[in-house]
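Let's take a walk through this model together. Have the sequence and the 3D view open side by side.

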Amino acid sequence: MQFDVRRFDVYRKVPKDLTEPTLTGAVSVDSLKLQQPNPSTIFYSTVSICSCLFIVFLLLSEFYSFINTEIVSELFVDNPTENDRLDVKLNITLPRMKCEHLGLDIQDEMGRHEVGFQENTHTEEMNHGEGCVFSCKFNINKVPGNFHVSTHGAGAQPDNPDMAHHINSLNFGSEIKDKLPGAFVALRGRNKEDVNSLSSHDYVLKIVPTIYEKLDGTTTFTYQYTWAYKDYVAYGHGGRILPAIWFRYDLSPITVKYVERRKPLYHFITTVCAIVGGTFTVAGIIDSMIFTASELFKKAQLGKLS
């Protein structure tokens, strides 16, 4: 027996004289060229037209998804760096306090206690010297503690200290300029200028270590945080305690990792094949149902169903 390679053809061809074209599955170009096309022909042609439009829409959507980057997050218990210190950047505006009275105090559970921290501190007068923009860069130990803006380190105390403020920014770790989910600058724009002038302000922060890994392999170690707030007038044994702006913090043992990913090429090709094949299959089923229904309707009109 002579070997015939055509036996392995899985795409068998049916002779045209054994097939029957239908109006539901065809796009009748000739009918569309007529001045008065047959309405039923145009109606039946919508199956093929809609299938093609649907395929084009899905292909464009999948291509857009393929070329864009998605951000995947995961959680794990780890310390992202060996450094036991955390960089902090604070910028805050106090519209009713002079710069000469302001300072930063830092303390934590490892015994650190600094009053009137001066390194990397910058002040800028506003409101003709009656207000101050206070900014500083410093680092803290990765243990529970606090830092606060106060008048404790000033040589002379103000007569009427007023800690009303507007937080311009508060960042921990490296700054992330990309638009990421999370709360990397949660207190930015926080305005507390309309509270009691005698009040102290207490912010309780939960700092979450965060890793951001880009497509090019670069990794950024940063921190996001949540916060809670209260204001109160503090009193001690000697009377009213001078107001301050407190930032009490604690670090979470859970690290969040964001990774930029792009769909692989094989995934895109597989999806394209699924879209084209699935659409044609479903369209074929719909076409077959419409054709069968139309044939039954014709037989009913001719009285041949019985």
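What should the 38 residues of helix H3 (residues 265-302) span, and how far apart are its end C-alpha atoms? Keep in mind that this is a predicted model, so we're checking computed geometry here. At 1.5 Å a residue, H3 should span 56 Å. Its end C-alpha atoms sit 55 Å apart, which agrees with that expectation.

Now look at which parts of H3 are covered. Phe268, Thr271, Ile275, Thr279, Ala283, Asp287 and Ser294 are buried. An α-helix has 3.6 residues a turn, so residues three or four places apart point the same way. With that in mind, try looking down the helix and picking out Thr271, Ile275, Thr279 and Ala283, which are among the buried ones. Just past the end of H3 comes Gly303, and its phi is positive, near 70°.

Next, swing over to helix H2, which covers residues 39-67. Tyr64 is found in H2, and because its relative accessibility is 57%, over the 50% cut-off, Tyr64 counts as exposed. Together with Phe63 and Ile67, Tyr64 forms a nonpolar patch on the surface, and the three have about 330 Å² of accessible area together.

Finally, zoom out to the whole protein chain. You'll find three helices and 15 strands. The chain has 306 residues, and 35% of them count as buried. Its accessible surface comes to about 19,300 Å², with 56% belonging to carbon and sulfur atoms. As for contacts between residues at least 6 apart in sequence, 77% join residues at least 24 apart.

Key:
Residues are numbered from 1 along each chain as its sequence is written. This is a predicted model: local features need pLDDT of at least 70, side-chain atom pairs count only at pLDDT 80 or more; totals for chains, interfaces and linings use all residues. Side-chain values use heavy atoms; hydrogens and water are left out. Patches are made of residues with over 30% relative accessible area and no salt bridge: like charges are joined within 9 Å, nonpolar side chains (Val, Leu, Ile, Met, Phe, Trp, Tyr) within 5 Å. Accessible areas come from the Shrake-Rupley method with a 1.4 Å probe; for residues, only the protein chains shown count as cover. A salt bridge is a side-chain nitrogen of Lys or Arg within 4 Å of a carboxyl oxygen of Asp or Glu. Helices (H or I, at least four residues) and strands (E, at least two) are DSSP runs, numbered from the N terminus. Buried means under 20% relative accessible area, exposed over 50%, partly exposed in between (1.4 Å probe, protein chains only). The expected span of a helix is 1.5 Å times one less than its number of residues. Contact means heavy atoms within 4.5 Å.
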